[in-house]
Each structure stands twice: as C-alpha cells, then as structure tokens.
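Q: Got a minute to go through this model with me? I'd like to start with the basics and then jump around a bit.

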Amino acid sequence: MKPFTKKVVEIIADIPMGKVMTYGQIAKIAGSPRAARQVVRVLHSLSEKYQLPWHRVLNSKGCIGLTGEHGQLQRRMLEEEGVLFQQNGSVPLIECGYEPLHLMGENE
C-alpha cells in the first residue's frame with residue numbers, strides 16, 4: 001500500500017462516532033492537499049476491506065456526496081450517531097467536524 005493510501009486509511013479509521021471529516025481535509029492531513037478525489041477512490045475501494053467508517057466523510061460543504069439509497073443510508077447512519085443536519089442538508093462542520101490533532105503537521 002502506498003504511504004498516502006495508508007495514511008488515508010488510518011485517518012478515516014480514527015474518525016470517532018458522531019464526528020465527520022471532509023475529503024479535502026483528509027487529503028491535506030495525509031500529505032497531499034489537492035488529492036480529495038484520491039480519498040474518494042480509497043474510500044470506494046478499501047472501505048469494506050478495512051471496515052472504514054465511510055459514512056463519516058463528507059464533501060467540502062458538509063454535504064453527502066452520494067445519491068439515492070447510498071446517500072439515504074449515509075444520512076441515516078450519521079443521524080444514528082447523533083450528527084445533526086441543517087435545513088439545507090449539510091452538516092455543521094464547526095460543530096460536528098473532527099480535527100485529528102495528533103496527526104496534524106506530520107507531513108508538513
């Protein structure tokens with residue numbers, strides 16, 4: 001596994017219940033600030049294998065990027081963890097966002 005991919009998996013695995021992170025935030029902490037799409041690919045291909053809490057990762061606006069049943073499942077899973085959604089369908093990132101301080105700056 002490449003170092004970036006390994007770091008992404010570690011970061012996502014550490015997101016606590018009731019908290020969320022964005023694809024871009026994860027990419028930045030993993031050492032590649034412009035690799036948000038790569039984070040999406042990692043989630044898509046490795047979530048099941050590593051039992052990642054994929055539902056805790058949102059887009060930069062705090063919204064669910066998935067549509068249809070998968071998007072509904074993601075929202076339901078987040079709500080079950082106590083994550084509140086605003087009227088526009090987004091999650092308030094300031095309140096519900098996770099900042100893994102122990103990982104910040106490791107790649108800078």
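What follows is a chat about the core, the pocket, the cysteines and some single residues.

Q: What kind of model is this, and how is stuff counted?
A: This is a predicted model, where local features need pLDDT of at least 70, side-chain atom pairs count only at pLDDT 80 or more, and totals for chains, interfaces and linings use all residues. Residues are numbered from 1 along each chain as its sequence is written, and side-chain values use heavy atoms, with hydrogens and water left out.

Q: OK, core first. Which residues touch the most other members of the largest nonpolar core?
A: Val8, Ile12, Ile26 and Val39, out of 20 residues in that core. A nonpolar core here is a set of buried Ala, Val, Leu, Ile, Met, Phe, Trp, Tyr and Cys residues joined through side-chain atoms within 4.5 Å. Buried means under 20% relative accessible area, exposed is over 50%, and partly exposed is in between (1.4 Å probe, protein chains only).

Q: Which elements give two or more residues to this core?
A: Those are α1, α2 (23-29) and α3 (36-50). The most comes from α1, with five residues. Helices (H or I, at least four residues) and strands (E, at least two) are DSSP runs, numbered from the N terminus.

Q: What does isoleucine 12 touch?
A: Not counting residues up to four places away in sequence, Ile12 touches Ile26, Val39, Leu43, Leu52, Pro53 and Val57. Contact means heavy atoms within 4.5 Å.

Q: And which residues are in the second, separate core?
A: That one has eight residues, including Val20, Ile64, Val83 and Val91. As background, nonpolar side chains tend to be buried together in soluble globular proteins.

Q: Back to α1. Which of its residues are buried?
A: Phe4, Thr5, Lys7, Val8, Val9, Ile11 and Ile12. What covers them includes β1 (21-22), α2, α3 and β2.

Q: There's a threonine in that list. Why does threonine 5 count as buried?
A: Because its relative accessibility is 14%. Thr5 lies in helix α1, residues 3-13. Leaving aside neighbours within four places in sequence, Thr5 is in contact with Val42 and Leu46.

Q: Switching to pockets. How much space lies in the largest pocket?
A: About 340 Å³. On a 1 Å grid over the protein atoms alone, a pocket is an open set of points where a 1.4 Å probe fits, with protein on both sides within 12 Å along at least five of seven lines; a cavity is a set the probe cannot get out of, and lining residues have an atom within 4 Å of a point. Grid points are joined across faces, edges and corners, and the volume is the space filled by probe spheres set on the points.

Q: Which residues line the largest pocket?
A: Tyr23, Val40, Leu43, His44, Ser47, Glu48, Trp54, Val57, Gly65, Leu66, His70 and Gln74. Two or more lining residues come from each of α3 and α4 (68-80), and α3 gives the most, with five residues.

Q: How do the lining residues divide into nonpolar, polar and charged?
A: Six nonpolar, five polar and one charged. Ala, Val, Leu, Ile, Met, Phe, Trp, Tyr, Cys and Pro count as nonpolar, Asp, Glu, Lys and Arg as charged, and the others, Gly among them, as polar.

Q: New topic: how many disulfides does a search of the whole structure find?
A: Zero. A disulfide would be a pair of cysteine sulfur atoms within 2.5 Å.

Q: Why no bond for cysteine 63?
A: Because the closest cysteine sulfur, in Cys96, is 13 Å from the sulfur of Cys63, too far for a bond. Cys96 counts as buried, at 8% relative accessibility.

Q: What's the phi of glutamine 51?
A: Positive, about 50°, although Gln51 is not a glycine. Most residues other than glycine have a negative phi. Gln51 sits in the loop between α3 and β2 (57-58).

Q: Is glutamine 51 buried or exposed?
A: Exposed, because its relative accessibility is 71%.

Q: Last one: where is serine 60, and what is it in contact with?
A: Ser60 is in the loop between β2 and α4, and is exposed with a relative accessible area of 66%. Leaving aside neighbours within four places in sequence, Ser60 is in contact with Thr22 and Leu93. The C-alpha atoms of Ser60 and Tyr23 are separated by 7.0 Å, with the two 37 residues apart along the chain.
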